[in-house]
Amino acid sequence: QVQLVESGGGLVQAGGSLRLSCAASGLTFSNYVVSWFRQAPGKERALVTTIGRSGHNTYYADSVKGRFTISRDNAKNTVYLQMNSLKPEDTAVYYCAARDSRSLKFDYWGQGTQVTVSS
């Protein structure tokens, strides 16, 4: 059974930092591209960042570029999202998702972790 479990969310003041983790089990983790999405109240889910299988290739949405850093440790089956200089508009539920590198469809999703940034 495949599981993605996010952790590390919480309440932080604007300008602060958080590090999210996405721990995977039940799959050959190094075969999967992993992305972080977020969904704010009343808004559609949006792609935040993506990391390739080896960790060398990354993508960031313009809204987080220069503030967020995605990384992965395939030996630990974990992807991290370091979030710095947080803004109130970063408030959302953050989800990690995994897809086989040969597919554009995300096969597995975590349950989400709440990030709240106060002004």
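Which strand does Ser35 lie in? In this predicted model, Ser35 belongs to strand β4, which covers residues 32-39.

**Around Ser35**

Let's start with this serine and its surroundings. Ser35 has a relative accessible area of 1%, and since the cut-off for buried is under 20%, Ser35 counts as buried. Its side chain has a polar partner: the side chain of Thr50, at 2.7 Å. If you skip the neighbours within four places in sequence, Ser35 is in contact with Leu47, Thr49, Thr50, Tyr95, Cys96, Ala97 and Phe106. So Thr50 turns up in that contact list as well as in the polar contact, because a polar contact needs N or O atoms within 3.5 Å, while a contact needs heavy atoms within 4.5 Å.

**The salt bridges**

Now for the charged side chains. Side chains of opposite charge can pair when their charged atoms come close. How many salt bridges does the structure hold? There are 5, and these are three of them:

| Pair | Closest N to O distance |
|---|---|
| Arg38 and Asp90 | 2.9 Å |
| Asp62 and Lys65 | 3.1 Å |
| Asp90 and Arg67 | 2.7 Å |

Take the bridge between Arg38 and Asp90. This pair links distant parts of the chain, 52 residues apart: Arg38 sits in strand β4, while Asp90 is in the loop between β8 (78-83) and β9 (92-100).

Asp90 also bridges to Arg67. Arg67 is in the loop between β6 (58-60) and β7 (68-73) and Asp90 in the one between β8 and β9, so this pair ties together parts that are 23 residues apart in sequence. Put the bridges with shared partners together, and Arg38, Arg67 and Asp90 join into one network.

Are the members of that network buried or exposed? Arg38 is buried, at 14% relative accessibility. Arg67 is buried too, with a relative accessible area of 10%, and Asp90 counts as buried at 1%.

What about Asp62, the partner of Lys65? Asp62 has a relative accessible area of 64%, and because exposed means over 50%, Asp62 counts as exposed.

**Back to β4**

Strand β4 ties these two stories together. Ser35 lies in β4 and is buried, with its side chain in polar contact with that of Thr50. Arg38, in β4 as well, is buried and forms its salt bridge with Asp90.

Note on methods. Residues are numbered from 1 along each chain as its sequence is written. This is a predicted model: local features need pLDDT of at least 70, side-chain atom pairs count only at pLDDT 80 or more; totals for chains, interfaces and linings use all residues. Side-chain values use heavy atoms; hydrogens and water are left out. Helices (H or I, at least four residues) and strands (E, at least two) are DSSP runs, numbered from the N terminus. Buried means under 20% relative accessible area, exposed over 50%, partly exposed in between (1.4 Å probe, protein chains only). A polar contact is a pair of N or O atoms within 3.5 Å; within protein, one must be able to donate a hydrogen and the other to accept it, and residues adjacent in sequence count only if both atoms are side-chain atoms. A salt bridge is a side-chain nitrogen of Lys or Arg within 4 Å of a carboxyl oxygen of Asp or Glu.
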